[in-house]
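Visitor: I have a structure to look at and some questions about it. Could you take me through it in plain terms?

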Amino acid sequence: MFKLENKKYFIGIYALILSLFSLYFTYRANFSNPEFEVLMFCILLIAGILSIVYYTKNNEKLHKVALVLIIIFGIISLFLTPIYDVSDETEHFVRSEIVSTGELSTNYVPIPNTTANGYKTIASVTTFFDNAGANVFNTHADDDKIDHTPSYFNSAFAQNPFYGYLAQGIGVFLAKCLDLNAIWMLWLGRFFNLLLYAGIIAVAIKKAPVFKFPLLIVSILPIAIYQAASTSCDGLFSALAILAFSYFLYFYKTPKITWTDLGIFYIAVILCGLLKTPYLALSLLIFLVPNTNFSDKKQNIISKLCILVALGIGIAWSSYATTQLANSWRGEYFIQRNVSASGQIDYLLANPLIALQRFGEIYSTALPTVIDRFFYFSNSVREYSSTLLAGLYFVFFCLFSVFYCNFKDLNLKTRIKGFLIIILIYSGVMAIQYLTWSPVGGENVTSGVFSRYFMPLLIFLPFVFGIGNKKIDKQTLSFLVLTVAISFISGMLMLTTAVKY
């Protein structure tokens, strides 16, 4: 049996898994750049060893472990990931630059000397678009100084709330103030977004009285690190969802809930829900909290009525966001492909059997695609992914969820309620993507669906299905699980290296 202090075994396991992943991905890429691949292998080997050593000294302070691991591997990812290579990062970065000027809303204005409209930014931002997908060794864009000449881009995620880009905007603003090369706007934007994600996750894990280790494992999912280390706001939405869940766990175990904690819980839910509307359903977790944990009957009733407030805010924002969504390349795209949410709803209501078929497909044909896309990186036009990593991680996380975790005082009724919330959020995400991306009457229920939208839902799996195993040494198992989780992050980074360098 492995002992916690005998970390050399786990370092050996990490080195072995990293070696296997590295050989597999570099072989697939025909060893296109062996010197850089060897260098990245060495960097990741050192990063993994440092992470394992840090865990041995701080295994009772998992919030610190999460903070360190996310920052270490996130920094590697933000420098390694090519220009605008994260899904939709072009638009995220345009919005980040706009926010860096102090403009919290966006103005869709006529583009000079054209008949089109767009969003005013600077030339360096649009120059990066011409180098999208290129690493820093294959472009001169990173050597140029920041070009402040006014430029325009057709999309800027105007439908997203401004706070999703404050951290990135600070990074861009700092790069401008220090008169750094243009590439540092992107890198510092990614870095401050990473810090925000890591900080929120650390707070969430520290707040949770139970399930700290599962929260850690979910937060370092490779796609989570990849998104957090970009200028996308998807990392923030995931962190807020995990924060809301951690406060629910706190409510579940705390005999006297305070109004302040309830306020933070709902703020996290609302801020998360404005970024991804179906996640407003996280507010329903309040129904899983034992009634005896509320300070009095009044607090119990008001806390549940607040769900209506959260829902009202979400509906109001969705109405605004829908109009803004058309102020981008999507407006023309939807017209050309006959994409219409209202038209799709009318079609499904007129064809109830087809509606039932589509609903069934999101759990049959679509679910394997969602699992596979947990290791789906880059924009679709520069797609790279790994079905191998996806399959292995799926098996790993299922085994972890069932046999590692066991919330001893969680009854069957509460588990069923938790499962229903999973179904509601998953169905909501799939339904919205189908209504807003698939042509009216379309058969493809995975149009516009990316697995990063479902990342926070993974924390529900050990909560609902965990049975635990008393025969297994929990300390040793935790060490092994973390080692494997770090190996998958490194595998993702070696995949990036092999494909993009």
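Guide: One term comes first: contact means heavy atoms within 4.5 Å. Note also that this is a predicted model.

Visitor: Which elements do the buried residues of α5 pack against?

Guide: Helix α5 covers residues 123–130, and its buried residues are A123, S124, V125, T126 and F128. Those buried residues pack against two helices and two strands: α4 (89–100), α7 (183–207), β2 and β3.

Visitor: In what order do the strands of the open sheet lie?

Guide: The sheet has 3 strands, and their pairing is antiparallel. Its edge strands are β1 (109–110) and β3 (150–153), each of which pairs on one side only. The order is therefore β1-β2-β3.

Visitor: Which residue in β2 does V109 stand opposite?

Guide: Strand β2 spans residues 117–122 and runs antiparallel to β1, with 2 bridges joining them. The residue in β2 opposite V109 is G118.

Visitor: Is S451 buried or exposed?

Guide: S451 lies in the loop between α18 (412–437) and α19 (460–465). A residue is buried under 20% relative accessible area and exposed over 50%. The relative accessibility of S451 is 1%, so S451 counts as buried.

Visitor: Which residues does S451 touch, not counting those up to four places away in sequence?

Guide: Sequence neighbours up to four places away are set aside here. With those left out, S451 touches T369, V370, I371, R373 and F374.

Visitor: What radius of gyration does the protein have, and how does that fit a compact globule?

Guide: A compact globule with 501 residues would have a radius of gyration near 23 Å. The value for the protein agrees with this, because the protein has 23 Å.

Visitor: What share of the residues is buried?

Guide: The protein has 20 helices and 5 strands. Of its 501 residues, the buried share is 55%.

Visitor: Among contacts between residues at least 6 apart in sequence, what share joins residues at least 24 apart?

Guide: This count leaves out pairs that are under 6 apart in sequence. Among the contacts that remain, the share joining residues at least 24 apart is 82%.

Visitor: What share of the accessible surface belongs to carbon and sulfur atoms?

Guide: The C-alpha atoms fill a box of roughly 70 × 60 × 45 Å along the principal axes. The accessible surface comes to about 21,000 Å². The share of that surface belonging to carbon and sulfur atoms is 66%.

Note on methods: Residues are numbered from 1 along each chain as its sequence is written. This is a predicted model: local features need pLDDT of at least 70, side-chain atom pairs count only at pLDDT 80 or more; totals for chains, interfaces and linings use all residues. Side-chain values use heavy atoms; hydrogens and water are left out. Helices (H or I, at least four residues) and strands (E, at least two) are DSSP runs, numbered from the N terminus. The radius of gyration is taken over C-alpha atoms; the globule rule is 2.2 Å times the number of residues to the power 0.38. Buried means under 20% relative accessible area, exposed over 50%, partly exposed in between (1.4 Å probe, protein chains only). Accessible areas come from the Shrake-Rupley method with a 1.4 Å probe; for residues, only the protein chains shown count as cover.
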